[in-house]
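Please look at the strands in this structure and at how they line up beside one another. The report below takes the sheets in turn.

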Amino acid sequence: MSSQQSYSPGVQKYVEQAKAIIAEREAALARAKGMKFDTLAVHGLYTMEEALERNQGAIIEPLYLSTSQAYHDADELEAALGYLIPTWCYTRIANPTTYYLEWLLALLEGYKTGAEISCCVTASGMSAIVQAVDPFLVKQKEGPERINFVSSIQVYGGSFQHFSVRKMRERGIECRWICHPEDIQEWKSRIDGDTRFLFMEAPSNPQQSFADIKALADLAHAHGIPFLIDATCATPALMRPIAHGADIVIHSLTKSATAGGTAIGGALLSRKPIVTQVRNDNPLFKDSFAEYVKFYPYRDNGPAASPFNAMFALNDLRTLRSKMDLLSRNCQTVAEYLQSHPKVYQVDYLGLPSFHLHKMAAKYMTLVDSDDGTGKEVNRYGHLMSFRVDGPPQNARKVFDSFKLIFRATDLGRIKSVATIPAISTHFQQGEEARRMADIPPQLIRLCVGAEHPDDIIADLDQALHTL
Ligand SMILES: Cc1ncc(COP(=O)(O)O)c(C=O)c1O
């Protein structure tokens with residue numbers, strides 16, 4: 001309860017009553033922390049008590065479509081809107097179905113990290129990125145006129161557009177691009193006293209760039225700034241960057257985390273507390289950043305997730321670990337096939353031992369709760385890869401147009417194989433020069449391998465490459 005404001009006995013009665021439910025949730029959380037990843041993925045924080053006492057025994061989390069929550073009286077309304085009691089108020093602020101998704105993601109991202117994590121689910125991956133970076137880019141009263149942030153240039157095209165157009169061109173905030181994110185010296189040379197955060201995507205879409213996550217987090221912290229990472233392509237089943245020092249992790253839930261292909265969504269997750277020198281009167285800003293975002297800027301900006309989409313995500317996430325295992329193995333088989341194809345001059349996949357970032361990724365990307373027989377987790381690298389077709393760009397287009405099973409779509413992370421040519425789709429807007437800096441030639445086909453039998457995916461690629 002806020003110390004600055006005194007509340008009536010009526011409001012305090014609701015605060016007292018809420019203590020029982022808070023204690024029940026804390027007990028459920030403590031119980032969940034002793035469970036394995038798969039169990040968490042299946043149940044999250046939706047417990048037997050939640051089902052039997054509040055949801056008519058429904059074993060699956062209920063879908064709450066109501067826009068708003070009713071209160072008994074003015075005192076309860078005041079306690080709720082003052083965030084003094086657990087409440088959801090209004091679906092733009094919170095929603096019970098979304099709440100289960102947020103806790104599920106916090107538990108998965110925090111699994112075996114030893115860190116406390118908070119989560120804010122948003123309407124899309126892009127809105128998670130915007131909500132994550134904006135609070136660091138506010139002008140401080142006595143701060144410098146010009147502020148900057150440092151980001152890998154090897155990011156999803158939408159992130160590139162957001163940073164270069166919305167932040168740089170429209171708001172005059174400098175984004176300092178890093179062309180070789182694996183080179184820690186390049187990052188070092190771009191940071192100064194006005195840098196607000198470091199941002200990278202790993203593995204990146206589509207180039208598969210990667211970096212030493214721990215070294216980057218240490219570098220950021222040495223400058224008193226947070227390290228933000230978009231780990232969409234890894235998902236918490238393969239990598240949990242907070243264990244290595246990251247402050248904020250972003251996911252497009254639209255992608256591999258769900259894979260179902262029925263819902264758009266995003267999430268930002270933060271460790272408690274984050275490292276930052278940005279001053280903010282609200283203690284949650286530093287102590288529980290994702291909660292701060294959720295209860296303040298997100299409430300005011302309106303990027304709320306639809307409860308429908310939260311429900312789809314909850315259902316898809318239940319099998320995340322086994323799904324990422326299967327999809328990664330399929331992708332490995334397909335990448336090995338493409339690597340030996342005479343019409344393909346380069347394959348970018350972190351799982352290939354010949355790929356220049358393979359060793360670095362191997363340090364970080366492992367299948368959670370697996371065992372290679374020696375007590376270590378096995379490496380898995382996700383299901384996004386790209387390959388470059390010999391000859392002029394028309395050759396890549398011809399191969400692409402010949403797919404009969406693999407869908408041509410600007411999408412990734414699907415249970416069905418999908419491919420695109422980023423230079424004419426996802427990364428078109430950023431222009432030729434920025435594509436050259438980001439290493440996205442028009443010969444590059446991005447392929448996200450699905451759960452079909454790899455023999456059938458290879459057969460489709462084979463007949464398409466034979467058209468050359
Ligand atoms: C790595 C990555 N991050 C973020 C996004 C944006 O996600 P969404 O489409 O859910 O807004 C994408 C979209 O492709 C992506 O690939």
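What follows describes two sheets and the helices that pack on one of them.

## Basis of the description

This is a predicted model, in which local features need pLDDT of at least 70 and side-chain atom pairs count only at pLDDT 80 or more, while totals for chains, interfaces and linings use all residues. Residues are numbered from 1 along each chain as its sequence is written, and side-chain values use heavy atoms, with hydrogens and water left out.

## The sheet of 7 strands

Strands of a sheet pair through backbone hydrogen bonds, either parallel or antiparallel. Here, an open sheet of 7 strands follows the order E1-E7-E6-E5-E4-E2-E3 with mixed pairing; two strands pair if DSSP finds at least two bridges between them, and helices (H or I, at least four residues) and strands (E, at least two) are DSSP runs, numbered from the N terminus. Strand E1 (117–122) and strand E3 (174–178) stand at the edges with a single partner strand each, so one side of each has no neighbour in the sheet.

Strand E5 (residues 227–230) runs parallel to strand E6 (residues 248–252), to which 3 bridges join it, and Ile229 stands opposite Val249 in E6.

Helix H5 (residues 96–110) packs on this sheet, touching E1, E6 and strand E7 (266–271), where contact means heavy atoms within 4.5 Å. The direction of H5 makes about 135° with that of E1; axes are lines fitted to C-alpha atoms, for helices over the stretch in contact, and angles run from 0 to 180 degrees between N-to-C directions.

## The sheet of 5 strands

Another open sheet, of 5 strands, has the order E8-E9-E12-E11-E10, also with mixed pairing. Strand E11 (residues 418–420) and strand E12 (residues 444–448) run antiparallel, joined by 3 bridges, and Ala419 has Leu447 in E12 as its bridge partner.
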